[in-house]
Amino acid sequence: MGMLHFVSTGRQTADEFAAICQHIHPYADAIHIREKEKTAREVAAFVTALLRAGVPPKKIIVNDRVDVAAVYGVHGVQLAYHSLPVRAVRRSFPSLAVGCSVHGLAEARQAEEDGAHFCLFGHVFPSSSKPGLPPRGVDSLKEIAAAVHIPVIAIGGIHAGNARQALEAGAAGVAVLSAVFFAADPVGEAKRLAELVKGEGII
């Protein structure tokens with residue numbers, strides 16, 4: 001039973017994103033608002049759009065913007081190397097789940113030591129959002145998943161054709177972007193992924 005995270009692409013409006021999430025959130029354990037170019041107010045608009053669309057707050061994770069996550073009472077925050085430190089966020093916002101983006105073994109160990117609840121590792125497969133950057137691969141994923149006790153969620157180029165590979169390498173789950181949000185049939189794709197990752201049909 002793996003976890004399934006859906007992550008915004010940075011290339012859709014809040015309303016477009018929410019319209020898809022309204023139908024796919026039953027298949028997801030978490031929905032990440034990952035909008036790196038946007039202001040706090042714009043990120044907040046994504047949160048309110050999701051809430052209006054009926055996405056439960058306990059499924060929403062905001063990238064980087066701890067302030068937005070705390071103010072809107074959502075489930076958690078995903079921190080990157082440029083974000084606030086994991087320890088500081090855990091201390092100041094004990095109710096937030098804290099994820100950490102990592103790119104190697106040392107970073108994953110540090111995230112665990114600092115108190116992260118989970119980490120996203122990638123990009124595992126070739127990804128259109130990281131053109132020209134070689135993927136870190138399944139072997140690296142396997143090494144990291146074996147070395148830390150917190151859940152490692154694989155990200156980067158994940159789709160229904162390779163999600164099982166990531167889980168077999170030890171990932172606790174997968175995070176999917178364009179394979180769902182730019183699919184001709186996002187709901188069908190989300191359902192396929194849920195069947196593969198969670199081993200179940202309609203949820």
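Colleague: Why are helices H1 and H9 called oblique to each other?

Modeller: In this predicted model, H1 (residues 14-24) and H9 (residues 186-198) pack at an angle of about 45 degrees. Angles under 35 degrees count as roughly parallel, and 65 to 115 as roughly perpendicular. The value for this pair belongs to neither class, and H1 and H9 are therefore oblique to each other. Their axes are 9 Å apart, and the crossing of H1 and H9 is right-handed.

Colleague: What makes the contact between H1 and H9?

Modeller: H1 contributes Ile 20, His 23 and Ile 24, and H9 contributes Pro 186, Val 187 and Ala 190. By class, the contact of H1 with H9 has 5 nonpolar residues, 1 polar residue and no charged residues. Because Ile, Pro, Val and Ala count as nonpolar, and His is among the others, the polar residue is His 23.

Colleague: How do you know that H1 also packs with H2, and which residues make the contact?

Modeller: The axes of H1 and H2 (residues 40-52) come within 9 Å and cross at roughly 30 degrees. The class of roughly parallel takes angles under 35 degrees, so the pair H1 and H2 belongs to that class. H1 passes H2 in a right-handed crossing. On the H1 side the contact is made by Ala 14, Asp 15, Phe 17, Ala 18 and Cys 21, and on the H2 side by Ala 45, Phe 46, Ala 49, Leu 50 and Arg 52. These residues divide into 8 nonpolar, no polar and 2 charged. Asp and Arg count as charged, so the charged residues here are Asp 15 of H1 and Arg 52 of H2.

Colleague: Why are H5 and H6 described as roughly parallel?

Modeller: The axes of H5 and H6 cross at roughly 25 degrees and come within 10 Å. Angles under 35 degrees count as roughly parallel, and H5 and H6 are therefore roughly parallel to each other. Their crossing is right-handed. Leu 105, Ala 108, Arg 109 and Glu 112 in H5 meet Glu 143, Ile 144 and Ala 147 in H6. The residues of this contact divide into 4 nonpolar, no polar and 3 charged. Arg and Glu count as charged, so Arg 109, Glu 112 and Glu 143 make up the charged group.

Colleague: What is the volume of the largest pocket, and which residues are closest to its centre?

Modeller: The largest pocket has a volume of about 820 Å³. It is lined by 37 residues, and those closest to its centre are Arg 34, Lys 36, Ser 129, Lys 130 and Leu 177. Strand S5 (97-102), strand S6 (118-122) and helix H8 (178-181) each supply at least two residues of the lining. The largest share, 3 residues, comes from S6. By class, this lining has 11 nonpolar, 18 polar and 8 charged residues.

Colleague: What makes up the lining of the second largest pocket?

Modeller: About 220 Å³ of space lies in the second largest pocket. Of the 14 residues that line it, Ala 80, Tyr 81, Val 86, Cys 100 and Asp 114 are the closest to its centre. S5 and helix H5 (105-114) are the elements that give two or more residues to the lining. H5 provides the largest share, 4 residues. The classes are 9 nonpolar, 3 polar and 2 charged.

Colleague: How do you know that the peptide bond from Gly 122 to His 123 is cis, and where is His 123 placed?

Modeller: The omega of this bond is near 0 degrees, and the bond is cis. His 123 is in the loop between S6 and helix H6 (137-147).

Colleague: What is the value of phi of Asp 64, and where is the residue placed?

Modeller: Phi of Asp 64 is near 70 degrees, a positive value in a residue other than glycine. Asp 64 is in the loop between strand S3 (60-63) and helix H3 (66-72).

Key. Residues are numbered from 1 along each chain as its sequence is written. This is a predicted model: local features need pLDDT of at least 70, side-chain atom pairs count only at pLDDT 80 or more; totals for chains, interfaces and linings use all residues. Side-chain values use heavy atoms; hydrogens and water are left out. Axes are lines fitted to C-alpha atoms, for helices over the stretch in contact, and angles run from 0 to 180 degrees between N-to-C directions. Angles under 35 degrees count as roughly parallel, over 145 as roughly antiparallel, 65 to 115 as roughly perpendicular and the rest as oblique. A crossing is left-handed if the near helix is turned anticlockwise from the far one by less than a right angle, and right-handed if clockwise. Contact means heavy atoms within 4.5 Å. On a 1 Å grid over the protein atoms alone, a cavity is a set of points where a 1.4 Å probe fits but cannot get out, and a pocket is an open set with protein on both sides within 12 Å along at least five of seven lines; lining residues have an atom within 4 Å of a point. Grid points are joined across faces, edges and corners, and a volume is the space filled by probe spheres set on the points.
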